[in-house]
Amino acid sequence: MPESMLRFENVTVRFDQLEALKDVSFELKEGETRIVMGAAGSGKTVLLKTAIGLDCASSGKISLFDQEIQGKAERDLFDLRQRVGVLFQEGALFDSMNVERNVGYPLLTRRDVKGSGKKAAKVDMAATHARIQEALDFVELGQTLKLMPAELSGGMRRRAAIARAVATKPPLLLYDSPTAGLDPITAYTIMALIIKERDVDNTTAMVVTYRYQDGNLVANFRYNPEDGQLVPDEKAAAKTIFMVLKEGRLIFEGVQEKLESSTDEYVKKFVKRD
Ligand SMILES: Nc1ncnc2c1ncn2[C@@H]1O[C@H](COP(=O)(O)OP(=O)(O)OP(=O)(O)O)[C@@H](O)[C@H]1O
Ligand SMILES: [Mg+2]
């Protein structure tokens with residue numbers, strides 16, 4: 001049985017009068033990639049933030065790695081969060097730190113996992129540098145350690161943010177709009193990296209996107225280590241689950257074939273094959 005990586009049970013998130021998520025239930029299993037679509041303001045970012053306890057549910061239950069997160073002490077939540085790599089919307093690198101320090105940040109702020117609440121007593125600097133280099137090589141930014149975010153193109157910034165998200169080798173990754181605002185070619189390279197991460201490290205992920213092509217790539221291709229390209233893969237579809245949010249409600253959940261045969265007008269707006 002695949003492990004439960006993230007579970008929402010009847011989760012509602014309220015900000016004053018506004019319900020950003022309404023009675024949302026789903027379970028993300030190990031090895032799955034979930035593509036989260038929905039109009040602006042439909043609750044996609046709130047869904048990801050709620051998953052790691054940055055936004056709080058007003059009712060319902062959320063479990064990360066089969067552990068309920070509500071009512072957990074901040075320290076225990078911190079330990080769980082360490083096992084989740086996050087690419088925030090807009091990439092959000094620290095402007096005042098160079099690429100090396102940005103990518104090293106989650107490695108250097110890591111606490112020991114036993115939950116003493118202290119920073120790991122000794123940081124192995126050689127291992128940390130090696131891991132920073134490895135994470136940057138993974139996104140093909142191995143030569144940019146000393147550059148500042150302002151010196152990078154938009155696509156490079158996004159790649160550096162992916163390197164930071166994967167730096168600690170988390171088993172679960174949350175990507176909020178990784179291709180938003182990028183040209184189609186750069187967007188493709190970002191999705192290729194997300195698929196490479198899935199296939200090389202066998203990670204589970206949630207990917208927020210408006211672009212149907214993004215989900216289409218995840219559902220039909222795999223990373224080929226021999227030439228570093230994406231190649232068609234019939235097995236990818238079954239582990240790619242699409243979710244569509246509408247005004248905070250999860251109105252669709254299923255594989256691509258089911259998505260493409262939906263007759264719901266709102267769902268159909270997100271399905272565009274070209
Ligand atoms: N901290 C907050 N306080 C009050 N309202 C919030 C807060 N965070 C989100 N919201 C509201 O919750 C709703 C869902 O927001 P969310 O950011 O999840 O949308 P989204 O689907 O990610 O949109 P986009 O595609 O534009 O990123 C919106 O109406 C937003 O204004
Ligand atoms: Mg958002």
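Okay, so before anything else: when I say buried, I mean under 20% relative accessible area, while exposed is over 50% and partly exposed is in between. Keep in mind that what we have here is a predicted model.

With that cut-off, let's look at helix 7, residues 212-220. Which of its residues are buried? Tyr 212, Asp 214, Gly 215, Asn 216, Leu 217, Val 218 and Ala 219. That's 7 of its 9 residues, so you can call this helix mostly covered. And what does the covering? The list includes strand 3 (33-38), helix 6, strand 9 (221-224), strand 10 (229-232), strand 11 (240-246) and helix 8 (256-260).

Two of those strands come up again if we follow Arg 222. Arg 222 sits in strand 9, and at a relative accessible area of 34% it's partly exposed. Skip the neighbours within four places in sequence, and Arg 222 is in contact with Ile 195, Arg 198, Asp 199, Gln 229, Leu 230, Val 231 and Asp 233. For a sense of scale, take Leu 108, which is 114 residues away along the chain: its C-alpha is 32 Å from the C-alpha of Arg 222.

Now helix 6 itself, residues 184-201, and its packing with helix 5. As a reminder, you describe two packed helices by the angle between their axes and the distance between the axes. Here the axes come within 10 Å and cross at roughly 10°. Anything under 35 degrees counts as roughly parallel, so that's what we call helix 5 and helix 6. The crossing is right-handed. On the helix 5 side you've got Gly 155, Arg 158, Arg 159, Ile 162 and Val 166, and they meet Thr 186, Ile 190, Leu 193, Ile 194 and Glu 197 in helix 6. Sort the residues of that contact by type and you get 5 nonpolar, 2 polar and 3 charged.

Next, the metal. Which protein atoms are donors to the magnesium ion, ligand 2? They're OG1 of Thr 45 and OE1 of Gln 89, at 2.0 to 2.3 Å from the ion. Those two are 44 residues apart: Thr 45 belongs to helix 1 (residues 44-51), and Gln 89 to the loop between strand 6 (84-87) and helix 3 (99-108). Both Thr 45, at 24% relative accessibility, and Gln 89, at 36%, count as partly exposed.

Staying with helix 3, have a look at Glu 100, which is part of that helix. Is Glu 100 buried or exposed? It's buried, at 9% relative accessibility. Beyond residues up to four places away in sequence, Glu 100 touches His 129, Ile 132, Leu 145 and Lys 146.

Leu 145 is worth a stop too. You'll find Leu 145 in the loop between helix 4 (125-138) and helix 5 (154-166), and at 14% relative accessibility it's buried as well. Besides Glu 100, its contacts include Asn 98, Val 99, Gln 133 and Leu 136. Its C-alpha is 9.0 Å from that of Val 103, 42 residues away along the chain.

Last thing, backbone angles. Asp 16 has a positive phi, near 50°, and isn't a glycine. Asp 16 is in the loop between strand 1 (4-15) and strand 2 (18-29), and it's exposed at 72%. Asn 202 also has a positive phi, about 50°, without being a glycine. You'll find Asn 202 in the loop between helix 6 and strand 8 (204-208), exposed at 62%.

Key:
Residues numbered from 1 in each chain as written. Chains lettered and ligands numbered in written order. Predicted model: local features only at pLDDT ≥ 70, side-chain atom pairs only at ≥ 80, totals over all residues. Heavy atoms only, no water. Donors = N, O, S within 2.8 Å, 3.2 Å for Na, K, Ca; no water. Helix = DSSP H or I, 4+ residues; strand = E, 2+ residues; numbered from the N terminus. Buried < 20%, exposed > 50% of the residue type's maximum accessible area, 1.4 Å probe, protein only. Contact = heavy atoms within 4.5 Å. Axes fitted to C-alpha atoms, helices over the stretch in contact; angles between N-to-C directions. Parallel < 35°, antiparallel > 145°, perpendicular 65-115°, else oblique. Left-handed = near helix turned anticlockwise from the far one by under 90°. Nonpolar A, V, L, I, M, F, W, Y, C, P; charged D, E, K, R; others polar.
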